[in-house]
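Please take a moment with the sequence and the fold shown here, and keep both in view as you read. We will walk through them together, from the overall picture down to single side chains.

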Amino acid sequence: MKTKTLLIVYKEKDEAFFKQLKELIETKDDTSENTVGVEDGTVRVFKCSEKKWLQHKAKNTADKLADKTLFIDDIKDITLIHPIYNKYGISYGPIDKRHYAIIADEKFAWDEDAYADFHIELSRIIDDESLTEKDAFAGQAVAKKDMKKHGAIAALGLLFPVTVLVAGGLVAKNLSEAKKNADILRSQMLYFAIAKVYKEELDAFMKS
(Lines give C-alpha, C1' and ligand atoms only; values in the text may rest on other atoms or scores of the structure.)
Protein backbone atom coordinates (compact mmCIF):
# COMPACT_ATOMS: atom_id res chain seq x y z
CA MET A 1 0.00 0.00 0.00
CA LYS A 2 1.15 3.54 -0.74
CA THR A 3 2.69 5.39 2.20
CA LYS A 4 0.74 8.43 3.35
CA THR A 5 2.12 11.40 5.23
CA LEU A 6 0.72 12.60 8.54
CA LEU A 7 1.50 16.07 9.89
CA ILE A 8 1.15 16.28 13.67
CA VAL A 9 0.53 19.81 14.93
CA TYR A 10 1.17 20.63 18.58
CA LYS A 11 2.17 23.42 20.93
CA GLU A 12 5.85 23.49 21.88
CA LYS A 13 5.02 22.50 25.47
CA ASP A 14 3.40 19.31 24.13
CA GLU A 15 6.31 17.88 22.15
CA ALA A 16 6.37 14.80 24.38
CA PHE A 17 2.88 13.89 23.19
CA PHE A 18 3.99 14.23 19.58
CA LYS A 19 6.92 11.92 20.34
CA GLN A 20 4.61 9.37 21.94
CA LEU A 21 2.34 9.21 18.91
CA LYS A 22 5.28 9.17 16.48
CA GLU A 23 6.87 6.25 18.35
CA LEU A 24 3.61 4.32 18.31
CA ILE A 25 3.17 4.86 14.57
CA GLU A 26 6.75 3.89 13.76
CA THR A 27 6.81 0.81 15.98
CA LYS A 28 6.83 -2.45 14.03
CA ASP A 29 4.07 -4.06 16.05
CA ASP A 30 1.89 -5.85 13.50
CA THR A 31 1.70 -9.62 13.46
CA SER A 32 0.93 -12.03 10.65
CA GLU A 33 -2.63 -12.21 11.96
CA ASN A 34 -3.35 -8.66 13.08
CA THR A 35 -2.63 -5.02 12.36
CA VAL A 36 -1.88 -3.15 15.60
CA GLY A 37 -2.70 0.54 15.34
CA VAL A 38 -1.71 1.78 11.88
CA GLU A 39 -0.48 -0.77 9.38
CA ASP A 40 3.31 -0.92 9.62
CA GLY A 41 5.11 1.13 7.00
CA THR A 42 2.03 2.94 5.68
CA VAL A 43 2.37 6.24 7.55
CA ARG A 44 5.24 8.72 7.49
CA VAL A 45 5.14 11.28 10.30
CA PHE A 46 6.12 14.95 10.18
CA LYS A 47 5.97 17.42 13.03
CA CYS A 48 4.75 20.99 12.99
CA SER A 49 4.52 23.55 15.77
CA GLU A 50 1.32 25.53 16.13
CA LYS A 51 3.20 28.68 15.10
CA LYS A 52 4.41 27.16 11.82
CA TRP A 53 0.98 25.70 11.11
CA LEU A 54 -0.67 29.11 11.50
CA GLN A 55 1.93 30.67 9.21
CA HIS A 56 1.22 28.11 6.50
CA LYS A 57 -2.52 28.44 7.05
CA ALA A 58 -2.30 32.21 6.53
CA LYS A 59 -0.57 31.55 3.21
CA ASN A 60 -3.09 28.84 2.25
CA THR A 61 -0.27 26.30 2.04
CA ALA A 62 -1.03 24.26 5.17
CA ASP A 63 -2.76 21.38 3.39
CA LYS A 64 0.16 21.00 0.99
CA LEU A 65 2.41 19.86 3.85
CA ALA A 66 1.00 16.34 4.15
CA ASP A 67 -1.82 14.01 3.13
CA LYS A 68 -3.46 14.23 6.55
CA THR A 69 -3.10 16.43 9.63
CA LEU A 70 -3.66 15.58 13.30
CA PHE A 71 -3.94 18.28 15.98
CA ILE A 72 -2.96 17.62 19.57
CA ASP A 73 -5.11 19.57 22.00
CA ASP A 74 -5.62 23.33 22.04
CA ILE A 75 -4.55 24.57 18.60
CA LYS A 76 -5.80 28.00 17.53
CA ASP A 77 -8.81 28.01 15.18
CA ILE A 78 -9.26 24.24 15.46
CA THR A 79 -12.72 23.08 16.54
CA LEU A 80 -14.02 19.52 16.77
CA ILE A 81 -17.79 19.73 16.32
CA HIS A 82 -18.72 16.03 16.05
CA PRO A 83 -16.29 13.90 18.10
CA ILE A 84 -16.50 10.14 17.80
CA TYR A 85 -15.32 9.88 21.41
CA ASN A 86 -16.39 12.28 24.17
CA LYS A 87 -15.80 11.07 27.71
CA TYR A 88 -13.75 12.07 30.76
CA GLY A 89 -13.18 15.50 29.26
CA ILE A 90 -11.45 13.84 26.30
CA SER A 91 -12.75 14.18 22.78
CA TYR A 92 -11.35 13.12 19.45
CA GLY A 93 -12.38 12.46 15.91
CA PRO A 94 -12.08 13.66 12.33
CA ILE A 95 -12.82 17.30 11.58
CA ASP A 96 -13.10 16.36 7.91
CA LYS A 97 -11.45 13.80 5.61
CA ARG A 98 -8.02 15.39 6.00
CA HIS A 99 -7.97 16.71 9.55
CA TYR A 100 -8.23 14.98 12.95
CA ALA A 101 -8.21 16.43 16.45
CA ILE A 102 -7.45 15.15 19.95
CA ILE A 103 -8.62 17.48 22.72
CA ALA A 104 -8.41 17.40 26.52
CA ASP A 105 -10.72 19.73 28.43
CA GLU A 106 -8.71 20.97 31.40
CA LYS A 107 -11.90 22.42 32.90
CA PHE A 108 -13.76 19.12 32.88
CA ALA A 109 -15.83 18.70 36.05
CA TRP A 110 -14.30 15.56 37.53
CA ASP A 111 -15.82 13.72 40.45
CA GLU A 112 -14.42 10.73 42.32
CA ASP A 113 -16.55 8.18 40.43
CA ALA A 114 -15.63 9.53 37.00
CA TYR A 115 -11.94 9.62 37.86
CA ALA A 116 -12.08 6.07 39.26
CA ASP A 117 -13.65 4.81 36.04
CA PHE A 118 -11.13 6.73 33.95
CA HIS A 119 -8.29 5.28 36.01
CA ILE A 120 -9.49 1.75 35.28
CA GLU A 121 -9.57 2.42 31.53
CA LEU A 122 -6.18 4.12 31.68
CA SER A 123 -4.76 1.05 33.43
CA ARG A 124 -6.12 -1.21 30.71
CA ILE A 125 -4.57 0.90 27.97
CA ILE A 126 -1.18 0.78 29.69
CA ASP A 127 -1.37 -2.95 30.33
CA ASP A 128 -2.37 -3.70 26.73
CA GLU A 129 0.25 -6.02 25.22
CA SER A 130 -0.38 -4.61 21.75
CA LEU A 131 0.76 -1.19 22.93
CA THR A 132 3.67 -2.15 25.15
CA GLU A 133 5.22 -5.31 23.77
CA LYS A 134 7.62 -3.74 21.26
CA ASP A 135 9.06 -0.48 22.52
CA ALA A 136 5.91 1.56 21.99
CA PHE A 137 6.82 3.46 25.15
CA ALA A 138 10.20 4.31 26.62
CA GLY A 139 11.11 2.00 29.48
CA GLN A 140 8.43 -0.52 28.63
CA ALA A 141 10.49 -3.57 29.54
CA VAL A 142 11.15 -2.27 33.04
CA ALA A 143 7.59 -1.06 33.36
CA LYS A 144 6.09 -4.42 32.48
CA LYS A 145 8.14 -6.11 35.19
CA ASP A 146 7.00 -3.44 37.61
CA MET A 147 3.38 -4.06 36.59
CA LYS A 148 3.66 -7.70 37.61
CA LYS A 149 5.14 -6.75 40.99
CA HIS A 150 3.16 -3.64 41.85
CA GLY A 151 0.30 -3.31 39.34
CA ALA A 152 -0.24 -1.23 36.23
CA ILE A 153 -0.74 2.11 37.94
CA ALA A 154 2.58 1.96 39.76
CA ALA A 155 4.25 1.48 36.41
CA LEU A 156 2.53 4.40 34.72
CA GLY A 157 5.33 6.81 35.47
CA LEU A 158 7.84 4.52 33.79
CA LEU A 159 5.72 4.26 30.67
CA PHE A 160 4.92 7.96 30.64
CA PRO A 161 8.10 9.79 31.68
CA VAL A 162 6.61 13.25 31.15
CA THR A 163 4.09 12.57 33.89
CA VAL A 164 6.91 11.73 36.25
CA LEU A 165 8.70 14.98 35.46
CA VAL A 166 5.54 16.95 36.04
CA ALA A 167 4.61 15.16 39.24
CA GLY A 168 8.06 14.64 40.68
CA GLY A 169 7.11 11.01 41.24
CA LEU A 170 4.50 8.47 40.23
CA VAL A 171 1.19 9.75 38.96
CA ALA A 172 -1.79 10.48 41.14
CA LYS A 173 -3.88 7.46 42.08
CA ASN A 174 -6.94 9.42 43.08
CA LEU A 175 -8.70 12.63 42.16
CA SER A 176 -7.53 14.69 45.12
CA GLU A 177 -3.90 13.90 44.31
CA ALA A 178 -4.41 14.66 40.63
CA LYS A 179 -6.02 18.02 41.31
CA LYS A 180 -2.95 19.15 43.26
CA ASN A 181 -1.21 19.45 39.92
CA ALA A 182 -3.42 20.01 36.89
CA ASP A 183 -0.54 19.04 34.58
CA ILE A 184 -0.68 15.48 35.92
CA LEU A 185 -4.33 15.16 35.05
CA ARG A 186 -3.88 16.68 31.61
CA SER A 187 -0.97 14.34 30.88
CA GLN A 188 -3.06 11.33 31.83
CA MET A 189 -5.91 12.51 29.62
CA LEU A 190 -3.75 13.14 26.56
CA TYR A 191 -1.67 9.98 26.86
CA PHE A 192 -4.86 7.96 27.20
CA ALA A 193 -6.44 9.67 24.17
CA ILE A 194 -3.35 9.26 22.00
CA ALA A 195 -3.08 5.56 22.82
CA LYS A 196 -6.76 4.98 22.01
CA VAL A 197 -6.63 6.95 18.77
CA TYR A 198 -3.54 5.04 17.66
CA LYS A 199 -5.01 1.65 18.45
CA GLU A 200 -8.64 2.15 17.45
CA GLU A 201 -9.01 5.01 14.95
CA LEU A 202 -5.87 6.21 13.18
CA ASP A 203 -5.47 3.43 10.62
CA ALA A 204 -9.00 3.93 9.25
CA PHE A 205 -8.54 7.71 9.16
CA MET A 206 -5.25 7.43 7.26
CA LYS A 207 -6.77 5.02 4.74
CA SER A 208 -9.96 7.03 4.21
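What follows is a tour of the chain as a whole, then the sheet, the helices across it, one threonine and some aromatic rings.

Before we set off, keep in mind that this is a predicted model. The protein chain has 9 helices and 6 strands. Of its 208 residues, 48% count as buried. Its accessible surface comes to about 10700 Å², and carbon and sulfur atoms account for 50% of that area. If you consider the contacts in the chain with a separation of 6 or more, 68% of them are between residues 24 or more positions apart.

Let us turn to the sheet. The 6 strands form an open sheet with mixed pairing, and reading across it gives the order S2-S1-S3-S6-S5-S4. Strand S2 (43–49) and S4 stand at the edges with a single partner strand each, so one side of each has no neighbour in the sheet. From one strand to the next, the twist averages 15°.

A good place to look inside the sheet is S6, which covers residues 99–104. On one side is strand S3 (residues 68–72), which pairs with S6 in the parallel sense over 4 bridges. Here leucine 70 stands opposite tyrosine 100, and isoleucine 72 has isoleucine 102 as its bridge partner. Towards S5 the sense changes: S5 and S6 run antiparallel and are joined by 5 bridges. In this pairing, glycine 93 stands opposite alanine 101, while serine 91 faces isoleucine 103. The two strands form a hairpin, with 4 residues between them. How much of S6 is buried? The count is 5 of its 6 residues, so the strand is largely enclosed by the rest of the structure.

Moving outward, strand S5 (residues 90–94) is mostly covered as well, with 4 of its 5 residues buried. Strand S4 (residues 85–87) pairs with S5 in the antiparallel sense over 3 bridges, and tyrosine 85 stands opposite tyrosine 92 there. S4 and S5 also form a hairpin, this one with 2 residues between the strands. Tyrosine 88 is in that turn and has a positive phi of about 60°. Remember this residue, as we will meet tyrosine 88 again among the aromatic rings.

Now for two helices that lie across the sheet. Helix H1 (residues 15–26) lies across S1, S2 and S3, and runs at about 175° to S2. Helix H2 (residues 50–58) lies across S1, S2, S3 and S6, and its angle to S2 is about 90°.

Next, find threonine 5 in strand S1 (residues 4–10). Is this threonine buried or exposed? Its relative accessible area is 18%, so threonine 5 counts as buried, the cut-off being under 20%. A polar atom of its side chain lies 2.8 Å from the backbone nitrogen of aspartate 67. Leaving aside residues up to four places away in sequence, threonine 5 touches Arg44, Phe46, Ala66, Asp67, Lys68 and Met206.

We can finish with the aromatic rings. A search of the whole structure finds 12 aromatic pairs. In one of them, the rings of phenylalanine 17 and tyrosine 191 have centres 4.9 Å apart and planes at 55°, so this pair is tilted. Phenylalanine 17 belongs to helix H1 and tyrosine 191 to helix H9 (residues 182–207), so the pair ties together parts that are 174 residues apart in sequence. Phenylalanine 17 and tyrosine 191 are both buried.

Another pair brings us back to the turn: the ring centres of tyrosine 88 and phenylalanine 118 lie 5.4 Å apart with the planes at 55°, so this pair is also tilted. The pair links distant parts of the chain, 30 residues apart, with tyrosine 88 in the loop between S4 and S5 and phenylalanine 118 in helix H3 (residues 112–126). Tyrosine 88 has a relative accessibility of 7% and so counts as buried. For phenylalanine 118 the relative accessible area is 0%, and this residue is buried too. Both take part in a cluster, in which ring pairs link Tyr88, Phe108, Trp110, Tyr115, Phe118 and Phe192.

Definitions and conventions: Residues are numbered from 1 along each chain as its sequence is written. This is a predicted model: local features need pLDDT of at least 70, side-chain atom pairs count only at pLDDT 80 or more; totals for chains, interfaces and linings use all residues. Side-chain values use heavy atoms; hydrogens and water are left out. Buried means under 20% relative accessible area, exposed over 50%, partly exposed in between (1.4 Å probe, protein chains only). Two strands pair if DSSP finds at least two bridges between them. A polar contact is a pair of N or O atoms within 3.5 Å; within protein, one must be able to donate a hydrogen and the other to accept it, and residues adjacent in sequence count only if both atoms are side-chain atoms. Contact means heavy atoms within 4.5 Å. Accessible areas come from the Shrake-Rupley method with a 1.4 Å probe; for residues, only the protein chains shown count as cover. Axes are lines fitted to C-alpha atoms, for helices over the stretch in contact, and angles run from 0 to 180 degrees between N-to-C directions. Rings of Phe, Tyr and Trp (its six-membered ring) pair if their centres lie within 6.5 Å; planes under 30 degrees apart count as stacked, over 60 as edge-to-face and the rest as tilted.
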